[in-house]
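Here is a short briefing to read with the model open beside you. Please keep the sequence to hand as well, since the points below move between the two.

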Amino acid sequence: MKNHIKKHRELMGLSQGDLANTLNVSRQTINSIENGKFDPSLPLAIKLTKFFSEPIDALFEFEE
């Protein structure tokens with residue numbers, strides 16, 4: 001699944017570690033999500049949408 005997490009994170013001036021700490025996940029998790037190697041769980045995806053105050057389709061694009 002394609003995502004725009006990195007763009008949103010950088011617009012807020014946050015490092016991967018900053019975002020990871022806020023969401024209680026590892027920096028490696030954020031890195032893997034941003035690089036498309038890992039799709040977040042539904043609870044983590046919801047945390048991301050709430051943190052960035054964006055709808056889910058602004059952060060994630062489903063690719064078949």
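What follows is a walk through some helix packing and a few buried residues.

This is a predicted model. Helix H2 (residues 16-23) is a good place to start: the covering of its buried residues includes H1, H3 and H4. From there we can turn to helix H4 (residues 42-52), and then to single residues in helix H1 and strand E2.

**H2 against H3**

- How do two packed helices get described? The angle between their axes and the distance between the axes are what is used.
- For helix H2 and helix H3 (residues 27-34), the axes come within 8 Å and cross at roughly 110°. That makes H2 roughly perpendicular to H3.
- The H2 and H3 crossing has a right-handed sense.
- On the H2 side, the residues that meet H3 are Gln 16, Gly 17, Leu 19, Ala 20 and Leu 23. Their partners in H3 are Arg 27, Ile 30, Asn 31 and Glu 34.
- Sorted by class, this contact of H2 with H3 has 4 nonpolar, 3 polar and 2 charged residues.

**H2 against H4**

- H2 also packs with H4, at an angle of about 110° and with the axes 11 Å apart. H2 and H4 are therefore roughly perpendicular to each other.
- The crossing of H2 and H4 is right-handed.
- H2 brings Leu 19, Thr 22 and Leu 23 to this contact, while H4 brings Leu 44, Lys 47, Leu 48, Phe 51 and Phe 52.
- By class, the residues in the contact of H2 with H4 are 6 nonpolar, 1 polar and 1 charged.

**The buried side of H2**

- Which residues of H2 are buried? They are Gln 16, Leu 19, Ala 20 and Leu 23. These residues cover an arc of only 100° around the axis, which puts them on the same side of H2.
- Gln 16 has a relative accessible area of 14%, which is under 20%, so Gln 16 counts as buried.
- Setting aside residues up to four places away in sequence, Gln 16 touches Arg 9, Arg 27, Ile 30, Asn 31 and Glu 34.
- Leu 23, also in H2, is buried at 4% relative accessibility.
- Beyond residues up to four places away in sequence, Leu 23 touches Ile 30, Leu 44, Lys 47, Leu 48 and Phe 51.
- Leu 23 and Leu 48 are 25 residues apart in sequence, yet their C-alpha atoms are 7.9 Å apart in space.
- Just after H2 comes Asn 24, which has a positive phi near 60°.

**The two sides of H4**

- In H4, the buried residues are Leu 44, Ala 45, Leu 48, Thr 49 and Phe 52. Viewed down the axis of H4, they fall within an arc of 140°, so they line one face of the helix.
- What lies over these buried residues? The cover includes helix H1 (5-11), H2, H3, helix H5 (56-59) and strand E2 (60-61).
- Leu 42, Pro 43 and Lys 50 are exposed on the other side of H4.
- Ser 53 follows H4, and its phi is positive, near 55°.

**Two more buried residues: His 8 and Phe 60**

- His 8 belongs to helix H1 and is buried, at 10% relative accessibility.
- Apart from neighbours within four places in sequence, His 8 is in contact with Phe 52, Glu 54, Ala 58 and Leu 59.
- Phe 60 sits in strand E2. Its relative accessible area is 8%, and Phe 60 is buried.
- Not counting residues up to four places away in sequence, Phe 60 touches Met 1, Lys 2, Asn 3, Ile 5, Pro 40, Ala 45 and Leu 48.
- How far apart are Phe 60 and Ile 5 in sequence and in space? They are separated by 55 residues in sequence and by 8.0 Å in space, C-alpha to C-alpha.

Methods. Residues numbered from 1 in each chain as written. Predicted model: local features only at pLDDT ≥ 70, side-chain atom pairs only at ≥ 80, totals over all residues. Heavy atoms only, no water. Axes fitted to C-alpha atoms, helices over the stretch in contact; angles between N-to-C directions. Helix = DSSP H or I, 4+ residues; strand = E, 2+ residues; numbered from the N terminus. Parallel < 35°, antiparallel > 145°, perpendicular 65-115°, else oblique. Left-handed = near helix turned anticlockwise from the far one by under 90°. Contact = heavy atoms within 4.5 Å. Nonpolar A, V, L, I, M, F, W, Y, C, P; charged D, E, K, R; others polar. Buried < 20%, exposed > 50% of the residue type's maximum accessible area, 1.4 Å probe, protein only. Arc of directions from axis to C-beta.
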